[in-house]
Amino acid sequence: MPSHRKQVTYSSRPNHAARSAHAKGERQFRTYDTSYIRPKRSKAPLVFAAVLAVVVVGGLAWGALTLFNSCSGTPAELLAEGEEATIVVSEGSGAQAVGSDLQRARLVGTVAEFTKRVTELGMESSLKPGTYTFAGGTSLDDIIARLAAGPEASGASLTIPEGFTLANTAARVAEVTEGRITAEDFAAAASDASVYAADFPFLAEGGTHSLEGFLFPKTYTVTEGATADSLVRAMLTQYQSEVAGLDYSYAESQGLTAYDVLKLASIVERESDPEHFATVASVFYNRLASDRPYLESDATTAYEVGRTPTADEVHADTPYSTYANPGLPPTPICAPSIEALKAVCAPEQTDYLYFYTKPLEDGGAEYHFSVTYEEHQDAINS
């Protein structure tokens, strides 16, 4: 804050006449040779002034260096894993203030690192006031997600597994809340993506479709005051945080949008396991780029009919039949994991057009990938 100093004029004489007389006398005095009556000047003031100048310049330099280090964001030594730190976010605190608290608590390296990431995620206005306790080693994105979700409170734990559909999620919410939030209420809150698009711009591509696929699989805390709307927002906030680091460049080069990536990832999630996500994703990419761009996934029809489909059902001319319709289905068919999303963004590069999974006795599956239909048939009959 700038200091307010009293302004001092060149003369303290109280009126114009006095100042004029004083100035005239001073001019006349300068014409006289008074050197022989002036006392010899001591060198002490000069020495003192020189020392003072060194001290001032040195102090200014140190202050400038300190300011530079502060502005440039000298990284703090981060809190070790196994340790915890608590911060309090006050009402109206911005990202800069929150970042400062996090840096002092050694939860982030620099304030700039935190504020930059908050801006990248578009969550500048989403940080909620309250008391938060973080463990050392918590990732930057997880810290931001927690701050956006709100402070911890006692409540039930809601776990949404990878591959859950909107209907599965609604049923789980009803179960965890013991019916306080019904499955119907939750499904209704998540029935139209456009309702939330103003707060979550990534939903724009979803139009008026449901939020299928966007309700990110994670464990959430359901407080007594939670509503269907607040839970939907928590899941969308988590999705926003999780996908912020994805590189969509390869998918875009293949003509896919971010919403298309979500659709394809949901199919990959239901058709394979994490070990084979990237290879299965390559098969679907190759099919989409072929002369016959049909995905031919049973999983899309299973989503439509709500069970394992028959041969006739997968070939029927229905919206989610990827045998009857080329390209991707109208919406995702489940909430995919971040691993499935990453696999679609960076698939393995292969020439495979077919894959076959053979169930194993231990509950796993053996995967066979083929370039030609003949090889595929051989794999099935082996």
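## The largest pocket

A pocket here is an open set of grid points, on a 1 Å grid over the protein atoms alone, with protein on both sides within 12 Å along at least five of seven lines. With that in hand, let's look around this structure, which is a predicted model. Its largest pocket has a volume of about 910 Å³. There are 29 residues in the lining, and those closest to the pocket's centre are Ala145, Ala148, Ala149, Gly150 and Ala234.

Which elements give two or more residues to this lining? They are helix 5, strand 4 (219-223) and helix 8 (228-243). Helix 8 gives the most, with seven residues. Sorted by class, the lining of the largest pocket comes out as 11 nonpolar, 11 polar and seven charged residues.

## Helix 5 and its surroundings

Helix 5 deserves a visit of its own. Its buried residues are Leu140, Ile143, Ile144, Ala145, Leu147 and Ala148. What do these buried residues pack against? Their partners are strand 1 (84-89), helix 3, helix 4, strand 2 (130-135) and helix 8. Two of the names should ring a bell: Ala145 and Ala148 are among the residues closest to the centre of the largest pocket, and both are on the buried list of helix 5.

Go just past the end of helix 5 and you meet Gly150, which has a positive phi of about 110°. Gly150 is also one of the residues closest to the centre of the largest pocket.

## Where helix 4 meets helix 5

Two packed helices are described by the angle between their axes and the distance between the axes. For helix 4 (residues 111-120) and helix 5 (residues 140-149), the axes come within 11 Å and cross at roughly 65°. The crossing of helix 4 with helix 5 is right-handed.

On the helix 4 side, the residues in contact are Glu113, Phe114, Arg117 and Val118, and they meet Leu140, Asp141, Ile144 and Leu147 of helix 5. This contact between helix 4 and helix 5 is made up of five nonpolar and three charged residues, with no polar ones. Leu140, Ile144 and Leu147 also turn up among the buried residues of helix 5.

## Where helix 10 meets helix 14

Another helix pair sits further along the chain: helix 10 and helix 14 (residues 338-345). Their axes are 8 Å apart, and the packing angle is about 115°. Helix 10 and helix 14 make a right-handed crossing.

Helix 10 brings Val261, Leu262, Leu264, Ala265, Val268 and Glu269, while helix 14 answers with Ala340, Leu341, Val344 and Cys345. What classes of residue make up this contact? Nine are nonpolar, one is charged and none is polar.

## The second largest pocket

The second largest pocket has a volume of about 490 Å³. It is lined by 19 residues, and Glu271, Glu296, Ser297, Asp298 and Tyr323 are the closest to its centre.

Helix 10 (258-271) comes back here, as it supplies at least two residues of this lining. Helix 12 (298-305), strand 5 (354-359) and helix 15 (373-381) each supply at least two as well. The lining of the second largest pocket holds nine nonpolar, five polar and five charged residues.

## The loop between helix 3 and helix 4

Now for a couple of loops. Arg106 is in the loop between helix 3 and helix 4. Its phi is near 60°, a positive value in a residue other than glycine. Arg106 counts as partly exposed because its relative accessible area of 32% falls between the 20% and 50% cut-offs.

Thr110 lies in the loop between helix 3 (95-104) and helix 4, too. Is Thr110 buried or exposed? Thr110 counts as buried, because its relative accessibility is 10% and the cut-off is under 20%. Thr110 and Glu77 are 33 residues apart along the chain, with 9.8 Å between their C-alpha atoms.

## The loop between helix 6 and helix 7

Glu178 is found in the loop between helix 6 and helix 7. It isn't a glycine, yet it has a positive phi of about 55°. Glu178 is exposed, since its relative accessibility is 74% and exposed means over 50%.

Arg180 is in the loop between helix 6 (166-176) and helix 7 (183-189) as well, and at 42% relative accessible area Arg180 is partly exposed. Which residues does Arg180 touch, leaving out those up to four places away in sequence? They are Val222, Thr223, Glu224 and Ala226. Arg180 and Glu224 are 44 residues apart in sequence, and their C-alpha atoms are 9.3 Å apart in space.

How values were computed. Residues numbered from 1 in each chain as written. Predicted model: local features only at pLDDT ≥ 70, side-chain atom pairs only at ≥ 80, totals over all residues. Heavy atoms only, no water. Axes fitted to C-alpha atoms, helices over the stretch in contact; angles between N-to-C directions. Helix = DSSP H or I, 4+ residues; strand = E, 2+ residues; numbered from the N terminus. Left-handed = near helix turned anticlockwise from the far one by under 90°. Contact = heavy atoms within 4.5 Å. Nonpolar A, V, L, I, M, F, W, Y, C, P; charged D, E, K, R; others polar. 1 Å grid on protein atoms, 1.4 Å probe; cavity = no way out; pocket = protein on both sides within 12 Å on 5 of 7 lines; lining within 4 Å. Points joined across faces, edges and corners; volume = space filled by probe spheres on them. Buried < 20%, exposed > 50% of the residue type's maximum accessible area, 1.4 Å probe, protein only.
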